[in-house]
Structures are given as structure tokens and as C-alpha cells.
Amino acid sequence: MGYREIHQESIRDPEGFWHKQAGRLDWFEPPEEVLSRDDRGFYRWFRGGKLNVSYLALDAHVNAGRGEQTAIFYDSPVSGTKSAYTYRELRDEVARAAGMLRDLGVAHGDRVVIYMPMIPEAVIAMLACARLGAIHSVVFGGFAANELAVRIDDAQPKVVLTASCGIEFDRVIPYQPLVNEALRRSEYNPSHVVYVRRPQAEVDLEPGRDLDWQHAVTEAEPADPVAVDATDPLYILYTSGTTGKPKGVVREGGGYAVALNWTMEAVYDLHPGEVFWTASDVGWVVGHSYIVYAPLIRGCTSVVYEGKPVRTPDAGAFWRVISEYGAKAFFTAPTAFRAVKKEDPEARHLEHYDISCLENVFVAGERLDPPTYEWLADTLQRPVIDHWWQTETGWPIVANPMGIEPMPVKSGSATLPMAGYDIRVLDDSGRELPAGEQGNLAIKLPLPPGCLPTLWNDDARFRKSYLDRFTGFYDTSDGGYIDEDGYVFIMGRVDDVINVAGHRLSTGEMEEVIGNHSSVAECAVVGIHDELKGELPVGFVVLKDGADIGQEALEQDLVKMIRDEIGAIAALRQVAIVQKLPKTRSGKILRKSIRTLAKESRDEVPTPSTIDDPGSLDEIAEAMQAHGIGRYAR
Ligand code: COA
Ligand code: AMP
């Protein structure tokens, strides 16, 4: 069957389609119902089915005689380490780590927070939780203590699994001070913290609470996989919303395993035994799905890379790793390729490596800008596949189905909807728009398996954020259009979420942090185009009457506050003091006009009819010029 028939079948008969896909996995007990609705009216996939995702990812392959195949390669230029684990070795490590968690009182349904750099123990920790039916919540290592504290309070984990440090290029980032500070700030107290001790940083274990990973794992008896319901949460992954409080996206094991397994073949064209390298981080959804769960469920070999695209040690890092491990497919964010292109525009490093193994390159996380696409396609002479997805969906909504039927690429489009996604473009009143017209991208319910069933402990926010705006649809908060051939073009977020170097961040959260400065009366943070990182946050601040602080001192304070409260990845560097923010007469800040002013001159930016003072827009334009912001960047 070709792509269009498969997609149509998945929309016409979702239950039949996904039932067939579910049959390809090794269930402990098959589902009673493929698709159902729970007592809250939320759609659920594979109710009554019992399985264990760690079993599917490990034991099933060992039992099938593939135990000696490499499951993961670990490659860490920042620590000068390389290692490999076969499926059998990884299963045994995971079983022992699960035994350690069980000894610490972790059982089915309990939460475990994982705050780790890109080391094998991060993968082992996730699979160990899955083995017990415990729910992991991985927190990206680039988040500061406060972000960790917020997640600990929301998830209430029995245990935190962490490491003594992360390594950024050549800079060691000790984690213990961050973890201790998070625990000091959180109201909820986990009973234990387990540290993977790395030689680059020591830890000082607090007796009774803190444990040494190696020691605890060695003492533990291996744990067998526990049969869990397909509808039980496998993990919670927090992601930025429009407010300071992150959203806990819940992922259920059954639907996720079925959907990921389908994508490995249909989208990524990968088969058991082949090598997949996703250069991301286990702290992001891309890392959960395509470093850990999908490649292992599919019986592929996954590369766990602790390094950067550049300066570890050079802009040839990607080509080295692809050639060294024989990656058939490679997946990263466009920003990573922009970093490579900036340092090595002629791709001279490529001359030193044989990357003939590589068949397809996939990118996601932010818009693939045409210059980067062209550079990549020219340099690599291979298909470069843009695909669109969100933490909420866990797998691509729109992609090019390379394993079914590679479709012609259209520049600027992420190509076509994947199985089960019925995408419509709606205007603000919910009316469907014709082909070619830009509006809100919405997905007709039910969402396919693997997408979020709700938010952790917050059904009301789930309804409000995703379901209430357009009845019968999931609101993606992305804008875009669909052309006559069904190709989907993503134009970017329509809310206050921004994408900085492929990292999803909330400008609302940054505004809350800035608002806590004693001199700040009010502020607006907007995402402004950046050549390398896609977007960068910039703050416009109105001072309190009588505040005695200069521009430079304020900027320094605010940059530090954002780093301390959210993390260095938020990358706020520029702040401008203004007398007044542009607002509507009802007091809503006109962020869109500010964003447009960063791209176009004041003459070209229409003054909204609802504005209370057109002079405030002039002042923003002047501030941008004075501070070298956006189009005035020096
Ligand atoms: N732990 C601690 N700090 C981290 C971190 C982590 N895991 N990740 C990033 N940071 C820090 C960086 O060290 C940097 O700190 P600095 O301001 O003190 O220098 C800051 O956060 C900003 O990081 P980043 O935005 O990554 O910029 P960079 O200049 O260090 O690197 C790139 C630029 C393009 C190389 C890098 O952003 C990259 O590889 N991006 C790909 C992102 C990605 O894979 N996203 C996943 C979606 S698929
Ligand atoms: P995250 O939840 O971190 O994966 O971020 C999801 C957001 O990233 C989406 O809502 C989009 O705004 C953006 N995004 C992801 N992939 C793409 C893509 N291929 N093209 C454009 N934007 C993308």
C-alpha cells in the first residue's frame, strides 16, 4: 500500500489500523478494547492490555536470540569515553537498577525524577523505572535548581536519580549543588537521591538520604519486568506552556510502544539491527522517543552521544560519529546544523570521514529554514527530512514516510500527516479554512496512540490548553497552512512559547522571573529571530517609579536571574528599558507587534486599532535600534 492509502485507512478505521500495529508487539495480555473513552471523556488506547515497555525494549530481543547485538553505543568526547552494551548486557544492567529502585521502595505507579547528563545510566534509569511500572520524569540537565524543584513538587518522586556532574564542552557542571538547592526549595521531599559518581566531580553523600549508584546497584538483586496496563503512565515529561508552571505531559506505555514501533519503519525506514543516531538529549521528547524507546523497541542500535556538534572537538563531530558507528539514519535539530555550517561552511571536515552508511537525515524541533536545508542537501547529497512534532504527541505529526513511500519534498513543508493525524486549518472562530489559507493547525480527535491522554494531575489544564478552543479538536498552538496536495507548512507558535536552539521555552515564565526584580514594574519578553539559535528571548522592561538602576546593571541582574531560575539554556542576553509597553486599551501587551518590529521598520508595522498609545511602538523601535536588537543586531 502507498502512503495515501495507509493514511486514509488510519483515519477511516483507526481501530482496525492500530489493532494491526499492536499485533506486532509482544503483549503479556492483549488489549480488550483498541479505542475507548474513560469516565472523564478522554480517549484511551488499548485498554485492558498488559505489557512492559522495558521487556519490549530488552528482554523480547534477548529471548528472540538477539542478545549479543549492540543495543547502545555510548560516545562521549567531553569525557574521553566510549563503550557499548549488547541487549543482554543492557537488560542485566536495567534489571539491577530496577532492583535498586525496588530496594528503595519504588513500586508500580511511583514517580522517579531523573536528572542526568547523556550517560548510559540515564537510559538505564528510564528503562529500570519502566521495568517496575514506575513513572519516570526526566529533567533536562540544562535546567536550574528552581525548574527541578517545580518538577519535584509536581511529580512527588520517591527517588531522584542523578549524577555528580554534566560536562558542557570542557566545563564541568557539578549537579550536587543544583540538586541540593532544588530539594531545599521544594516542598516535597523524596526519600532518596542516587548519584552516579563521575571522575570529573566528587559528591558528598548525606547519610541516610544519598546513595552511590554503583554501590547500590551492585548490592541489588535483578528485578523482572512487571506487567502493567497499557493505559498506565510510562512517564511524565514537563514542557513549557504559556505560564510559569510547566505542563506535565503524560505518556502511556501501550499506545506509545505501538506508535513508536510503527514510525521506526514507516518514517525512519529502520529495521532490527540497523543503527539510528539521534543527537539530542534524554531530557527532551526527541531523546525519550528516538534515543531510548523507539530504537530499542524496534531492535535497532542507538547511539548515546555526550557532546556537541562543534568544539567537541570540531565541526566534524557529526560525521565522525555517523561513520564510526555506521548510522543509517541521523536525527537532530536544525540549530545543530547551523552551528556546523557556521564553523565549517565548506564542510571540509566531511572529507575525513566515510559516511556512505547514512541514508536519511531527519530534523525537527524548530522550523528548518531554507538556507540550512539547501546547505545540508547540497553537502550530504541525501534526503533531508523535516518533520513536525511536539512533546505532547511524542512522535511525528507530519513527516515524509521514508519507509512506506518517500514523497517529493516541498521546500518549507514538513510534508504530510502521519497515520492517525487528521489535520485541519481553522480560523479563530473554529471555521475550517480552504487549502493555502493560513490559520490554526488543529488535529481532529481522537489523537492516535502515544499522544498525551491528559496532563499530570491537571485534567482541567489539559482541557483548557488543548481541547476547549476548538470543539472536537486538539489545538496544537502552531500556525500554518495545508496546500492543495495536502502538504503541511508550519509557520510557528501562536502562543507565548519560543524555540531557542531547539529548546522549548516559555516567555511567560521569563516574564514572571523578571517581574520579581525589585526595580521592575512590568515587562514583555518576546522571541526574536536569531541566525544560529532560531529564536532568542529579548526583554522590554518598564521600571517602577523612582527605581534607581541603570540599563547595564539591570540587564546584568536580569540575565543572572533567568540563568539562576530557569537555566543557561534560556539564553536571555538583551534587555531594554522603555517608558511604556505597547498595549491594547484593555491592557493586553501587543507582543506580536513587538516581534514584527524586530523584523520590519516602524513604517511597515501596522499600528493596531486597539492600541492605547501608538507612541509606545515608536519607543520600542527606538530601543531596538539603540540596543542592537533584531534587525538592528550589530
Ligand atoms: N547542562 C548544563 N548547561 C547546559 C546544557 C546542559 N545539558 N545544555 C546547554 N547548557 C548551557 C550551555 O553551556 C550554555 O551556557 P553558557 O551560556 O554559559 O555558555 C547555555 O546553556 C546555552 O546553551 P545552548 O543554547 O545549547 O548554546 P551553546 O552555544 O552552548 O550551543 C548549539 C549551541 C547549537 C551547539 C547547541 O544549542 C546544540 O547542540 N543544539 C542542539 C539542540 C538539540 O539537540 N535539541 C533537541 C531537539 S531535537
Ligand atoms: P517540543 O515540544 O519541544 O518538541 O516543541 C514543539 C514545538 O516545536 C512545536 O509546537 C513547533 O512550534 C516547533 N516545531 C517542532 N518541529 C518543527 C518543525 N519541523 N517545523 C517547525 N516547527 C517545529
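This is a chat about the ligand sites, empty spaces and unusual backbone spots of a predicted model.

Student: Let's start with ligand 1. How many residues surround ligand 1, and which are closest?

Tutor: In this predicted model, ligand 1 has 22 residues around it, and the closest are Glu168, Arg171, Ser280, Lys533 and Arg563.

Student: What is the mix of residue classes in the shell around ligand 1?

Tutor: The shell around ligand 1 holds 10 nonpolar, 6 polar and 6 charged residues.

Student: Which polar atoms come up against ligand 1 at Gly141, Gly142 and Arg171?

Tutor: At Gly141, a backbone N or O atom is 3.4 Å from a nitrogen atom of ligand 1, and at Gly142 a polar backbone atom is 3.5 Å from a nitrogen atom of ligand 1. With Arg171 the side chain takes part, as one of its N or O atoms lies 3.0 Å from an oxygen atom of ligand 1.

Student: And how much of ligand 1 does the protein bury?

Tutor: Ligand 1 taken alone exposes 940 Å², and the protein buries 84% of that area.

Student: Where does ligand 1 lie with respect to the domains?

Tutor: Ligand 1 lies between domain 1 (3–307 + 387–480) and domain 2 (501–632), because both of these domains give residues to the shell around ligand 1.

Student: OK, on to ligand 2. Which residues are closest there?

Tutor: The closest to ligand 2 are His387, Thr391, Asp478, Arg493 and Arg504, out of 15 residues that surround ligand 2. By class, that shell comprises 4 nonpolar, 5 polar and 6 charged residues.

Student: What distances do you get from ligand 2 to the side chains of Thr391, Asp478 and Asn499?

Tutor: An N or O atom in the side chain of Thr391 is 2.5 Å from an oxygen atom of ligand 2, and for the side chain of Asp478 the distance from an N or O atom to an oxygen atom of ligand 2 is 2.5 Å. For Asn499, a side-chain N or O atom is 3.1 Å from an oxygen atom of ligand 2.

Student: How much of the accessible area of ligand 2 is covered?

Tutor: On its own, ligand 2 has 490 Å² of accessible area, and the protein covers 94% of that.

Student: Switching to empty space: what is the volume of the second largest pocket, and which residues are closest to its centre?

Tutor: The second largest pocket contains about 300 Å³ of space. Its lining has 19 residues, of which Phe42, Tyr43, Leu445, Phe462 and Leu467 are the closest to the centre.

Student: Which elements supply that lining?

Tutor: Strand β2 (43–47) and helix α14 (459–467) are the elements that give two or more residues to the lining of the second largest pocket, and α14 gives the most, with 3 residues. Sorted by class, the lining of this pocket has 13 nonpolar, 1 polar and 5 charged residues.

Student: What about closed spaces, how many cavities are there of 30 Å³ or more?

Tutor: The count comes to 6 cavities of 30 Å³ or more. The largest cavity has about 100 Å³ of space, and 14 residues line it, with Leu368, Tyr373, Asp386, Gly412 and Ser413 the closest to its centre.

Student: Which element gives the most to the lining of the largest cavity?

Tutor: That is β20, with 3 residues; the elements giving two or more residues to this lining are α13 (370–380) and β20 (384–386). The lining of the largest cavity is made up of 6 nonpolar, 5 polar and 3 charged residues.

Student: And what lines the second largest cavity?

Tutor: Its lining consists of Asn52, Val53, Ala130, Gly133, Ala134, Val228, Asp232, Pro233, Leu234 and Gly253, and the volume of the second largest cavity is about 70 Å³.

Student: Last topic, the backbone. Where are the prolines Pro313 and Pro446 that sit in cis peptide bonds?

Tutor: Pro313, joined to Thr312 by a cis peptide bond with omega about 0°, is in the loop between β17 (301–305) and α11 (317–325). Leu445 and Pro446 are also joined by a cis peptide bond with omega about 0°, and Pro446 is in the loop between β24 (439–444) and α14.

Student: Why would anyone flag a positive phi or a cis bond?

Tutor: They are flagged because most residues other than glycine have a negative phi, and most peptide bonds are trans. Phe46 is a residue other than glycine with a positive phi, near 65°, and Phe46 is in strand β2.

Definitions and conventions: Residues are numbered from 1 along each chain as its sequence is written. Chains are lettered from A and ligands numbered from 1 in the order in which they are written. This is a predicted model: local features need pLDDT of at least 70, side-chain atom pairs count only at pLDDT 80 or more; totals for chains, interfaces and linings use all residues. Side-chain values use heavy atoms; hydrogens and water are left out. A residue is near a molecule or strand if one of its heavy atoms lies within 4 Å of it. A polar contact is a pair of N or O atoms within 3.5 Å; within protein, one must be able to donate a hydrogen and the other to accept it, and residues adjacent in sequence count only if both atoms are side-chain atoms. Accessible areas come from the Shrake-Rupley method with a 1.4 Å probe; for residues, only the protein chains shown count as cover. Ala, Val, Leu, Ile, Met, Phe, Trp, Tyr, Cys and Pro count as nonpolar, Asp, Glu, Lys and Arg as charged, and the others, Gly among them, as polar. Domain bounds come from an automatic or database domain assignment. On a 1 Å grid over the protein atoms alone, a cavity is a set of points where a 1.4 Å probe fits but cannot get out, and a pocket is an open set with protein on both sides within 12 Å along at least five of seven lines; lining residues have an atom within 4 Å of a point. Grid points are joined across faces, edges and corners, and a volume is the space filled by probe spheres set on the points. Helices (H or I, at least four residues) and strands (E, at least two) are DSSP runs, numbered from the N terminus.
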